[in-house]
Amino acid sequence: MPVISDDILYSVVRTEHMVHNDFFLRFLAFLEEPPPTELAMTCLAGDRACYEVRYEADEIARRIAYGRTETARYRPGSLRRILGRDQAPENAFMHEHFSFFSSEAVNRLIVRARCGEHTLEKEIAVCPYASPNRYLFPLRGTVLVTDTYPSLNSHRWCRNSEFAFDAGCFDETLERSLIRGMPVYAACGGVVEEVFDGLGDEQTDLEQVEKQYGEHARIDGNHVLLRHPHGELSLYAHLLKGSVTVRPGEQVAAGRQIGRAGSSGSSCVPHLHFHVMLDGIEGPGVPVRFENARTILGELCLLDDAVNLVRAEI
């Protein structure tokens with residue numbers, strides 16, 4: 001295959017008079033030489049083209065150069081999480097964000113690239129994802145939720161945490177964190193897949209953490225991983241040392257306390273990192289909606305802003 005990318009891109013679709021499509025293409029790797037001089041990406045709803053972006057040689061060269069710089073930063077052990085691959089791609093055009101309105105939800109992305117005398121083509125499925133499971137917000141009270149999928153930060157760039165968020169709680173000045181020790185609850189019923197509880201918030205030598213406990217502990221610190229029906233798993237990261245209340249293999253109900261918020265692992269301030277993924281810890285991230293997450297106006301909060309003030313009650 002001369003063009004390599006994810007085969008499926010999971011999208012968030014909202015109806016606001018028209019249909020708003022939001023999905024993210026992590027990379028296009030080109031195996032042909034020379035690299036493309038023309039690139040077109042066409043979004044289709046059924047057989048109807050509804051949105052297209054085009055790039056010419058100069059911008060393609062810049063984006064491929066950016067891709068080399070970007071992938072050089074990735075740790076080999078993290079590639080499955082970030083890109084779903086064992087090796088970093090060469091000549092990769094990276095990080096294309098699609099966010100637009102159309103009359104129908106997009107279900108395909110057609111990529112066409114002109115490489116020398118050849119035109120390469122690849123079709124990528126776009127899947128509007130709606131979880132079949134019932135989710136409750138993993139914290140209670142009023143919290144500040146940031147780094148959601150519209151932020152286009154390192155969460156979105158990483159395949160398994162594409163729809164992750166970070167949640168904190170602060171005093172009225174927004175300068176003093178209040179979340180440390182706040183109870184964390186199972187967002188959905190399921191079985192405990194994995195537990196780690198061995199790091200203090202003060203642990204800063206992350207290289208030593210990885211040598212001793214592995215990469216998962218270095219990144220997520222103390223954490224709980226729950227497996228839910230339909231192949232979904234939820235991750236609760238950076239928990240307070242000694243606070244985890246569940247064990248592997250245990251069945252837990254939605255709303256059960258499973259730990260307390262802390263700042264263990266790769267964390268510089270107390271917060272809860274949460275995301276849902278499919279088919280294992282290195283599987284693709286997917287979006288979910290929380291039945292009890294409300295805005296300050298009492299409306300359902302979809303976490304579709306870069307910063308969200310969420311009220312969550314049982």
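**Exercise 1.** How do the residues of the lining of the largest pocket divide into nonpolar, polar and charged?

*Solution.* The model is a predicted one, in which local features need pLDDT of at least 70, side-chain atom pairs count only at pLDDT 80 or more, and totals for chains, interfaces and linings use all residues. Residues are numbered from 1 along each chain as its sequence is written, and side-chain values use heavy atoms, with hydrogens and water left out.

Step 1. Define the pocket: on a 1 Å grid over the protein atoms alone, it is an open set of points where a 1.4 Å probe fits, with protein on both sides within 12 Å along at least five of seven lines; lining residues have an atom within 4 Å of a point.

Step 2. Identify the lining. It has 24 residues, and Ser154, His155, Cys158, Ile219 and Ser266 lie nearest the centre of the pocket. Helix 2 (79–83), helix 3 (154–157), helix 5 (215–220) and strand 17 each give two or more residues to this lining.

Step 3. Sort by class, with Ala, Val, Leu, Ile, Met, Phe, Trp, Tyr, Cys and Pro as nonpolar, Asp, Glu, Lys and Arg as charged, and the others, Gly among them, as polar. The result is six nonpolar, 11 polar and seven charged residues.

**Exercise 2.** State which classes line the second largest pocket, and which element gives the most to its lining.

*Solution.* Step 1. The residues closest to the centre of this pocket are Val12, Tyr129, Pro287, Val288 and Arg289, out of 25 that line it.

Step 2. By class, the lining holds 18 nonpolar, five polar and two charged residues.

Step 3. Strand 2 gives the most, namely four residues.

**Exercise 3.** Determine which residues of the largest nonpolar core touch the most other members.

*Solution.* Step 1. A nonpolar core is a set of buried Ala, Val, Leu, Ile, Met, Phe, Trp, Tyr and Cys residues joined through side-chain atoms within 4.5 Å; buried means under 20% relative accessible area (1.4 Å probe, protein chains only).

Step 2. Among the 41 residues of this core, Phe137, Leu139, Tyr236 and Phe290 touch the most other members. Strand 17 provides the largest share, four residues.

Step 3. A second, separate core has 24 residues, including Leu25 and Phe100.

**Exercise 4.** Why is Cys301 too far from Cys169 for a bond?

*Solution.* Step 1. A disulfide is a pair of cysteine sulfur atoms within 2.5 Å.

Step 2. The sulfur of Cys301 is 15 Å from that of Cys169, the closest cysteine sulfur, and therefore too far for a bond.

Step 3. By this rule the count is zero disulfides.

Note on methods. Buried means under 20% relative accessible area, exposed over 50%, partly exposed in between (1.4 Å probe, protein chains only).
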